[in-house]
Amino acid sequence: MRFTELTVKGYRSLVDITLPLHPLSVMVGPNGCGKTSLLEVFLLLREATQENLASAIEKHGGLNALLPFAANGWKKGSALTLRFAVTGGGLPRFALHPLTH
């Protein structure tokens, strides 16, 4: 099984991206465009499968550390969505929302 497509919405600087994935994918871009954030998404997914999703998120500083942040606080309606397609079909999806007090 391998990832064939990845959609990320609301992860740090990755507002809304969908990437087709191939056996060899290369990332090139200027500083601050989200290359490291994209790599962190794969790390988060790996950790979520080895432990559990809550533990993996906590390792990365908690959900609020992963969501986009505006100067006056978290953007209204912020949510983290990870959706991926794998060989053999299926579209597993995670959608996480911060708790409101």
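## A guided tour of a predicted fold

Read along the sequence, your protein follows the pattern β-β-α-α-α-β-β-β-β. That makes three helices and six strands; helices (H or I, at least four residues) and strands (E, at least two) are DSSP runs, numbered from the N terminus. Before you click on anything, note that this is a predicted model, where local features need pLDDT of at least 70, side-chain atom pairs count only at pLDDT 80 or more, and totals for chains, interfaces and linings use all residues. Residues are numbered from 1 along each chain as its sequence is written, and side-chain values use heavy atoms, with hydrogens and water left out.

**Stop 1: colour by confidence.** pLDDT is the predictor's confidence in each residue, from 0 to 100. The protein averages 78, and 76% of the residues score at least 70. Where is confidence lowest, and where is it highest? Select strand S4 (residues 73-74) for the lowest mean, 53, then S2 for the highest, 88.

**Stop 2: the first hairpin.** Select residues 3-11, strand S1, together with residues 14-20, strand S2. These two run antiparallel and are joined by six bridges (two strands pair if DSSP finds at least two bridges between them). Look for Thr7, which stands opposite Thr18 in S2. S1 and S2 form a hairpin with two residues between them, and Arg12 in the turn has a positive phi of about 50 degrees.

**Stop 3: two salt bridges.** Side chains of opposite charge can pair when their charged atoms come close. A salt bridge here is a side-chain nitrogen of Lys or Arg within 4 Å of a carboxyl oxygen of Asp or Glu, and the count comes to two.

- Stay with Arg12 and add Glu40: their side chains meet in a salt bridge (3.4 Å, N to O). The pair links distant parts of the chain, with Arg12 in the loop between S1 and S2 and Glu40 in helix H1, 28 residues apart. Arg12 is partly exposed at 32% relative accessible area, and Glu40 is partly exposed at 21%. (Buried means under 20% relative accessible area, exposed over 50%, partly exposed in between, with a 1.4 Å probe and protein chains only.)
- Now select Glu5 and Arg83, whose side chains meet at 4.0 Å, N to O. Glu5 lies in strand S1 and Arg83 in strand S5 (residues 80-86), 78 residues apart.

**Stop 4: His60.** Move to the loop between helix H2 (53-59) and helix H3 (63-66), the place of His60. Is His60 buried or exposed? His60 counts as buried because its relative accessible area is 15%. Leaving aside neighbours within four places in sequence, His60 is in contact (heavy atoms within 4.5 Å) with residues including Tyr11, Leu43, Leu44 and Leu66. Arg12 and Glu40, from the previous stop, are also among its contacts.

**Stop 5: a nonpolar patch.** Select Leu24, Val26 and Val28, which form a nonpolar patch on the surface with about 390 Å² of accessible area together. Patches are made of residues with over 30% relative accessible area and no salt bridge: like charges are joined within 9 Å, nonpolar side chains (Val, Leu, Ile, Met, Phe, Trp, Tyr) within 5 Å. Leu24 sits in the loop between strand S2 and helix H1 (35-50), and counts as exposed because its relative accessibility is 69%.

**Last stop: the whole protein.** Show the full surface: the protein exposes about 6600 Å², and carbon and sulfur atoms supply 59% of it (areas come from the Shrake-Rupley method with a 1.4 Å probe; for residues, only the protein chains shown count as cover). Buried residues make up 33% of the 101 residues.
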